[in-house]
Amino acid sequence: GFRDITPEQVLARDGMISRIREVYQRYGFVPLETPALEYVDVLGKYLPESDTPSGGIFAFRDEDDEWIALRYDLTAPLSRFVSMNLNDIPLPFRRYQVGPVYRMEKPGPGRFREFYQFDFDTVGTGSMLADAECCMIMCDTLESLGITTGQYIVRVNNRKVLNGVLESVARVTGQREIPPTVSLHILRSIDKLDRVGLNGVKGLLGKGRLDNSGDFMPGVGLEPAQIDVILGYLSVTAEKRTDVCNQLAELVKESVVGQEGVSELREIDHSLTIGDYGNDRVVIDPTVVRGLEYYTGPVFEAVLTFDVVDEKGVTRQFGSVFGGGRYDHLIERFTGQQILATGASIGVDRLLSALLTLGKIEVEPTTAKVLVTRLDKKLTEEYQKLAIELRSAGINTELYVGKSGIGKQFKYASQAGKVVAIVMGEDEMNKDEVSVKDLRLGELLSQEIGNDRKAWLEQQPAQFSVPRSDLARTVREVLTRYSIG
């Protein structure tokens with residue numbers, strides 16, 4: 001469940017993270033870093049299944065016999081930080097954080113026990129403007145990465161509306177409320193809608209269903225009339241957000257909390273409309289549940305909608321790459337007072353995989369596109385000066401430090417993804433010149449080239465000499481030819 005990340009993958013990820021960071025900062029979020037280790041009681045209560053160290057976390061006892069764990073997400077550490085620094089930070093506190101998180105889950109294709117998340121959160125406000133901005137940031141982030149409208153959709157719901165539906169389910173059989181454990185099972189069944197379909201959810205809410213492997217999955221055991229209430233809720237659909245809100249309002253009209261949830265959705269819709277985030281970018285979708293138990297209000301997720309063909313030739317979708325919601329009670333357990341918060345998190349690895357599939361991000365094998373070769377080892381000091389000169393001009397440059405001859409140096413340059421090689425022998429040095437080799441053009445020349453390119457190639461030979469004083473300018477011109485800064 002753990003893996004090595006190659007230089008190409010790290011550079012691609014760093015490039016993606018840089019573009020995401022720009023969006024977050026545009027909205028006024030500031031960076032925060034928290035330790036990879038936390039006390040288990042910081043994390044445990046809000047694990048999906050358990051409040052013990054076995055609940056999906058990597059944990060151990062320290063020298064004081066305290067349970068310590070690797071962080072499961074970035075939200076619980078944020079809550080702990082806010083509670084410890086409540087008197088020293090401005091509220092609302094808007095922070096972003098990127099880093100690895102750790103989960104003791106069964107690894108599988110594309111599923112690892114260590115993976116990156118990139119969160120943003122607004123702490124200290126209950127305004128639906130903050131939740132609307134979460135949706136806007138999701139749109140802006142994906143579009144900044146080249147994922148266009150139509151290739152993604154942001155889906156929004158409200159857990160208060162779901163609670164209102166659960167109240168209706170209870171009233172069908174004369175109950176005051178659905179027991180918390182049963183409510184949790186109902187929400188988990190709804191959350192499986194994308195995978196099992198409406199009939200599958202119906203089975204999970206009732207006596208149970210057979211899964212694809214033939215195993216029987218026990219159901220919640222609701223009465224048919226109760227199941228009908230939930231299926232009616234899941235069937236709500238409309239092209240316009242306002243129409244969805246109207247239908248939901250009718251479904252939960254007898255629930256105070258349900259009506260409150262609809263009102264919050266209307267506020268979010270209004271803010272999105274003012275910001276020109278239309279129904280083609282953000283929809284209200286009653287089927288969105290989100291897995292974590294601590295969400296208290298609006299929940300949202302960004303889903304990639306385009307098809308891809310995996311390595312087995314199976315057509316599939318990447319699904320959700322960005323999700324979150326409002327959690328108004330998480331910090332309260334540290335401070336004893338309610339501190340409202342909302343935010344979202346990107347699954348960095350999944351999103352990077354999608355970008356690579358779309359060709360929206362380049363896989364770079366190197367940080368320096370220029371190699372200063374060493375043709376004559378007696379001139380090593382001069383080669384050092386050339387490299388330093390290029391670096392001083394702001395051009396990332398590698399000086400070859402191996403022992404191979406010039407032929408193998410060129411081969412190394414090609415394998416390492418270099419674009420330009422600098423060559424200088426004793427003759428060039430005596431003339432105060434250097435040779436600049438355009439490696440990409442050299443590869444082009446080595447292939448069959450049509451007659452229409454002949455003149456152009458003759459005018460731009462793959463290797464040419466320039467005055468040493470023109471070195472930086474010439475190298476920059478070659479790099480610019482390939483859109484390299």
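**Strands, sheets and one helix pair: group meeting talk**

Let me start with a pairing towards the end of the sequence, where strand β17 and strand β18, the latter covering residues 463-467, run antiparallel to each other and are joined over 5 bridges. Within that pairing, K437 has Q463 in β18 as its bridge partner. Before I go further, please keep in mind that what we are looking at is a predicted model.

Strand β17 also has a partner in strand β16, residues 420-423, and these two are again antiparallel, with 4 bridges between them. In that case I422 is the residue that stands opposite V436 in β17. So what surrounds β17, and is it enclosed or open? Of the 6 residues of this strand, which spans residues 433-438, 5 are buried, and therefore β17 is largely enclosed by the rest of the structure. The cut-off behind that statement is a relative accessible area under 20%.

Let me step back to the whole chain for a moment. The protein chain holds 18 helices and 18 strands, and its C-alpha atoms fill a box of roughly 100 × 60 × 50 Å along the principal axes. Of its 485 residues, 48% count as buried, while the chain as a whole exposes about 24,000 Å², with carbon and sulfur atoms supplying 49% of that area. If we take the contacts between residues at least 6 apart in sequence, 70% of them join residues that are at least 24 apart.

Now to the sheets, beginning with an open one of 8 strands, whose pairing is mixed and whose order reads β1-β5-β6-β13-β12-β11-β7-β10. At its edges are β1, residues 30-31, and β10, residues 282-284, each of which pairs on one side only. As a general reminder, strands of a sheet pair through backbone hydrogen bonds, in either a parallel or an antiparallel way.

Inside this sheet, I would like to look first at β5, residues 93-102, and β6, residues 114-123, which are paired in the antiparallel sense over 10 bridges. Here G99 faces Q117 of β6 as the residue standing opposite. Is Q117 itself buried or exposed? Its relative accessibility is 10%, which is why Q117 counts as buried. Setting aside neighbours within four places in sequence, the contacts of Q117 include Q97, V98, G99 and V101, and they also include residues from elsewhere in the chain, among them D73, L74, S345, I346 and V348.

A second residue to look at in this region is R94, which belongs to strand β5. Although R94 and G28 are separated by 66 residues in sequence, their C-alpha atoms are 7.1 Å apart in space. Beyond residues up to four places away, R94 touches Y27, G28, F29 and V30, together with D121, T122 and E133.

Further along the order we come to strand β11, residues 298-309, which is mostly covered, with 9 of its 12 residues buried. Strand β7, residues 152-158, is joined to β11 by 7 bridges in an antiparallel arrangement, and there Y152 stands opposite L304 of β11. Strand β12, residues 315-326, is likewise antiparallel to β11, this time through 9 bridges, and D307 stands opposite Q317 in β12.

There is also an open sheet of 3 strands, with the order β2-β4-β3 and antiparallel pairing. Its edges are formed by β2, residues 37-39, and β3, residues 59-61, each with a single partner strand, so one side of each is left without a neighbour in the sheet. From one strand to the next, the twist averages 35°. Strand β2 is joined to β4, residues 67-70, by 3 bridges, again antiparallel, and the bridge partner of Y39 in β4 is I68.

I will finish with a helix pair, and two packed helices are described by the angle between their axes and the distance between those axes. For helix α1, residues 7-26, and helix α4, residues 128-144, the axes come within 9 Å and cross at roughly 145°, and this crossing of α1 and α4 is right-handed. Which residues meet there? On the α1 side they are R19, I20, V23 and Y24, and on the α4 side I137, D140, T141 and S144. Sorted by character, the residues of this contact divide into 4 nonpolar, 2 polar and 2 charged.

Terms used. Residues are numbered from 1 along each chain as its sequence is written. This is a predicted model: local features need pLDDT of at least 70, side-chain atom pairs count only at pLDDT 80 or more; totals for chains, interfaces and linings use all residues. Side-chain values use heavy atoms; hydrogens and water are left out. Axes are lines fitted to C-alpha atoms, for helices over the stretch in contact, and angles run from 0 to 180 degrees between N-to-C directions. A crossing is left-handed if the near helix is turned anticlockwise from the far one by less than a right angle, and right-handed if clockwise. Contact means heavy atoms within 4.5 Å. Ala, Val, Leu, Ile, Met, Phe, Trp, Tyr, Cys and Pro count as nonpolar, Asp, Glu, Lys and Arg as charged, and the others, Gly among them, as polar. Two strands pair if DSSP finds at least two bridges between them. Buried means under 20% relative accessible area, exposed over 50%, partly exposed in between (1.4 Å probe, protein chains only). Accessible areas come from the Shrake-Rupley method with a 1.4 Å probe; for residues, only the protein chains shown count as cover.
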